[in-house]
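Biologist: Could you give me a close look at how the inside of this protein is packed? I would like to follow it residue by residue.

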Amino acid sequence: MKHLALPLFCFLAVFSTNVFALDLLSTIRLKGTLVVGVKVDYPPWGHLNTDGENSGFEIDLAKAVAKSLKVDIVFKAVSTANRFQKLNDGQVDMLIATVGDTIERRKQVNMVLPHYFRSGVTAISRKSYGIEGWEDLIGQPVCLTSGAYFNEHLIKNYRIDPVILSNNRDLKIALLTNKCKAWAYDSGILFTLSNQPAWHDYEIALETIIPIHWSFVTRNDAQSKSLDTWLSQFLSSRIRDGFIKNLATSWKLPEQDYLTQQQINWNQIDSSSRPLCNIKDRKERGYVFCFDAVLNLSKTDSIKTPIIDHFDIKMIAKSLLHTTLFTAIVIISAMSLSLVLGLLTLKTPNWIGAFVLSLTNIQSSVPPILMLYFIYFGVLASFQNYAQSWYASGTTIAWLVLSLYTASGINNLITVNRHDSIPLVQRYAKYRLGVTSNLVNLAKAAGMASIIASPNAVLIFNSVSSNSEHPILLMSVLAIFYYVEILVFAYFIKHCLSKIHGKEKHKENKTPLSDQEV
């Protein structure tokens, strides 16, 4: 048995090495499954149909890829902000997720050529606003998608006031409820949206800017080279035979002229009947003719790029300050409101006090995040028509909900045995540990809840890191910020309540002794 151990070990080592050395294309064929990251909130490119199934132009493209590979396909939902992370983490094999090809993004992932679609940036707004040019949006609140390639360009060059949200659903609701004067986004999706009956009061009057071409995306590693080559050949064939153009036509997509010209270009041949457009020799000839220019949003390639530039620093600093101030205001409001509720519970007739206490018990039993989204994305969205004359901002809603929730919890705590003749301030001193716990939990929730009160730290960091070469570092900075912020607020809360407790103790010690004690 000992004599067989060494040969067996060597065989297993060689076998395992061969298995792990397989390139990605071979691995996909071996396991019989292709995992593709796709959008689910971007109709008609990628969305969920009425049966909850993936549907759209890019979904059909992904199915055609899997069919040519003779493997099954698995779809995984990705967003603009997390798609590169999911790809590089190995959660998906490739992306067909409305990814625009830029020089900056090529540093993170591999863009497969040729491109399969083109779009640009425009904005949709209410007709009654009379917005006719980008200059009309200077200084105005404009909704943007977290992680979109054009955000920095719009903010810097068109001087808009950004309202950054994470998904299209929230962006639509924000526009409908007048949180934004306009929604700047991909021209294709806004074109489709503007043609829907529900959006008849909105229009696209602005010119399309910053044209960008879309790519299939793979990881930028040696194992993915084979898949990149195969996908390039697949796209070349499907452009030449008109499959992509016909598919776009069936989905009634814009940019039909671009797709038609692309098909013409890729079908041209030279005097030797050799295709003018060829993936293998694109670097040597025909590159400008056959391949689209790649968008370059970088400042300069000759200067070493810092981790984050001056613009990103300003955005991050503003978001951190906004989140900190929001948290402080909510904590002060919660304490003030808890005093009011405490007085109503303790100093009013018994039936009023009992009624107030029952309301605060109900209020404190509903999770604040659930209440936030119910009010902001539910109730307000349902009454979007009335929002034209009355509107409460996300900051206001988050402030009211969190303040009321925490104040209710504190009131429930300090009014235990409410018939006892204990002054209200002494009750705060007596239950200071519980009050501190409620306020510290409020500080934690306020940072997350400020997500509907842009600009906030979570979305700004997410947006910056999605186009950065150092996403882990940036998100670590965000985690440290929240940790330090909570520690600082916890210290001041504890310090203030300890002061109250100390003063109450001092008053008790100075109370005159009774005649019996004398």
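**Inside the chain**

Modeller: Happy to, and a record gives us a starting point: an unreviewed UniProt entry places the feature "transmembrane region" at residues 320-344, 351-376, 396-414, 435-460 and 472-493. Positions follow the numbering used here, feature names are shortened, and such annotations may be inferred rather than shown by experiment. What you have is a predicted model, where local features need pLDDT of at least 70 and side-chain atom pairs count only at pLDDT 80 or more, while totals for chains, interfaces and linings use all residues. Residues are numbered from 1 along each chain as its sequence is written, and side-chain values use heavy atoms, with hydrogens and water left out.

Two of those spans show their form plainly. Residues 396-414 are 100% helix and 0% strand, with end C-alpha atoms 27 Å apart; residues 472-493 are also 100% helix and 0% strand, and their end C-alpha atoms lie 32 Å apart. Helices (H or I, at least four residues) and strands (E, at least two) are DSSP runs, numbered from the N terminus.

Now for the packing. A nonpolar core is a set of buried Ala, Val, Leu, Ile, Met, Phe, Trp, Tyr and Cys residues joined through side-chain atoms within 4.5 Å; buried means under 20% relative accessible area, exposed over 50%, partly exposed in between (1.4 Å probe, protein chains only). The largest such core has 80 residues, and Tyr 116 and Phe 216 touch the most other members. Its largest share, eight residues, comes from helix α3 (residues 57-69). Domain 1 (24-116 + 213-302) and domain 2 (119-211) each supply at least three residues, with bounds from an automatic or database domain assignment.

Beyond its neighbours within four places in sequence, Phe 216 is in contact (heavy atoms within 4.5 Å) with residues including Leu 61, Val 65, Tyr 116 and Phe 234. A second, separate core has 28 residues, among them Ile 397, Val 401, Leu 439 and Leu 442.

Polar residues can be tucked away too. Ser 119, in strand β8 (residues 117-126), counts as buried because its relative accessibility is 2%. Its C-alpha atom is 6.5 Å from that of Asp 186, 67 residues away along the chain. The side chains of Ser 119 and Trp 214 share a polar contact of 2.8 Å; that term means a pair of N or O atoms within 3.5 Å, where within protein one must be able to donate a hydrogen and the other to accept it, and residues adjacent in sequence count only if both atoms are side-chain atoms.
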